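Me: I am new to this one and would like to know how its labels are earned. Could you walk me through a few of them?

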Amino acid sequence: MAGRTAGMSKKKVVVTIMATVSAAVVVAILVGVMTGKNVLNQGSDYQDRANVNPLSGKDTTKPRSIVPLDQIVSGGPPRDGIPSIDKPRFVSVPEAGKFLQDSDIVLGLDINGDIRAYPLQILVWHEIVNDKVGGVPVAVTYCPLCFTNQVFNRMVDGQTLEFGTSGKLYNNNLVMYDRASESLWSQALGEGIVGKYAGTKLERIPFDLAYWREWKGLYPDAKVLSADTGFGRPYGADPYGDYYTSPSIYFPISNHDSRLGPKEIVIGLEHDGVYRAYQLSKIEEEHVINDDLAGRPVLIASHYQFMTRVFERTVDDQVLEFEYKDGVMTDRQTGSVWGFDGVATDGEMTGKRLQRLPLDQGFWFAWAAFHPGTELY
């Protein structure tokens, strides 16, 4: 497979697979019955009871949806069969070092100076963590089937929502539900797809995916999600086995795109209706990419393997061009030195800060399935 295939055989990316659970557990937890049932089979859970037939007394109203209902399929486990973590506990970096290896991957957050890391070896068993970071209620989400990570603000219409796993998939991707309205939400779209919140978008929050060896060095005082979750799971073993390196896609997707291998890892960006994907391997090779996305100047930067950040590269109405040499990032206009956090540390721009932007990171097949007209950098 061309380029980076999830990580994995060449650089041992993705979650370190220290062991795999039994085939029976894999079938029960991962593949399930694959019946293709959609939300219409769930009875009143997702129905809008506004239209009742006066003769039969039956509700004839279909759930409000923005995607074809027959493409929302059962993933096997029932609702909350993969339990979200709703009361997360955290430990220090030294304590986390007792169960994390340098090659493990963590999802990192820095919100208002509150810095936390969520190991994928824990997220793979739960997929959703409902948390509050830096005063912001967030949902930290991970879909192993698509290797899509995303962080959302849980505030919607002035209400703090709590999310769980619905047991369903759309385009092979995690479908969440909120426990207040029981609406269904697509992780990849960051949007409600069925129910009260159909068409409502969640605010996405920038995050990092990083090897533990880099993260602990950059943020030695970070809080790390504890393996003491209250659930009995074999953290450190990965139930998906060799899925990350195989060409297999377990569930239906609406669009196939052969321009890249299906499990090549890409960074996806969107602006003003334009979608563009960047191969992670190219970003790592070039370290900085200056691009224009539908009139928005963007900087894609990777100073550490696997860890990618995206910024708006306009400062004080001036569009900057960046370059990376000998481990230092500078702008060509002023020669100022910029850190990986987007803050200028030396030169004319000292103290100036680039606006950080959210991104999508995951398998190519998933990005292409949700964005069939995507451009490829």
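Reply: Happily! A residue is called buried under 20% relative accessible area, exposed over 50%, and partly exposed in between. Keep in mind that this is a predicted model.

Me: What makes Asp-86 partly exposed?

Reply: Its relative accessible area is 30%. That value falls between the 20% and 50% cut-offs, so Asp-86 is partly exposed.

Me: Why is the pairing of Asp-86 with Arg-179 called a salt bridge?

Reply: The closest N and O atoms are 3.2 Å apart. The cut-off is 4 Å, so the pair qualifies. Asp-86 sits in the loop between β1 and β2, and Arg-179 in the loop between β11 and β12, so the bridge joins parts 93 residues apart in sequence.

Me: Which residues are linked with these two in a network of salt bridges?

Reply: Asp-80 and Glu-162 belong to that network along with Asp-86 and Arg-179. Between Arg-179 and Asp-80, the N to O distance is 3.0 Å.

Me: How do you know that Asp-360 is buried while Arg-204 is partly exposed?

Reply: Asp-360 has 15% relative accessibility, which is under 20%, so Asp-360 counts as buried. Arg-204 has 24%, between the two cut-offs, and therefore counts as partly exposed.

Me: What makes Asp-360 and Arg-204 a salt bridge?

Reply: Their closest N and O atoms are 2.7 Å apart, and this is within 4 Å, so the label fits. Asp-360 is in strand β28 and Arg-204 in the loop between β13 and β14, so this pair ties together parts 156 residues apart in sequence.

Note on methods. Residues are numbered from 1 along each chain as its sequence is written. This is a predicted model: local features need pLDDT of at least 70, side-chain atom pairs count only at pLDDT 80 or more; totals for chains, interfaces and linings use all residues. Side-chain values use heavy atoms; hydrogens and water are left out. A salt bridge is a side-chain nitrogen of Lys or Arg within 4 Å of a carboxyl oxygen of Asp or Glu. Helices (H or I, at least four residues) and strands (E, at least two) are DSSP runs, numbered from the N terminus. Buried means under 20% relative accessible area, exposed over 50%, partly exposed in between (1.4 Å probe, protein chains only).
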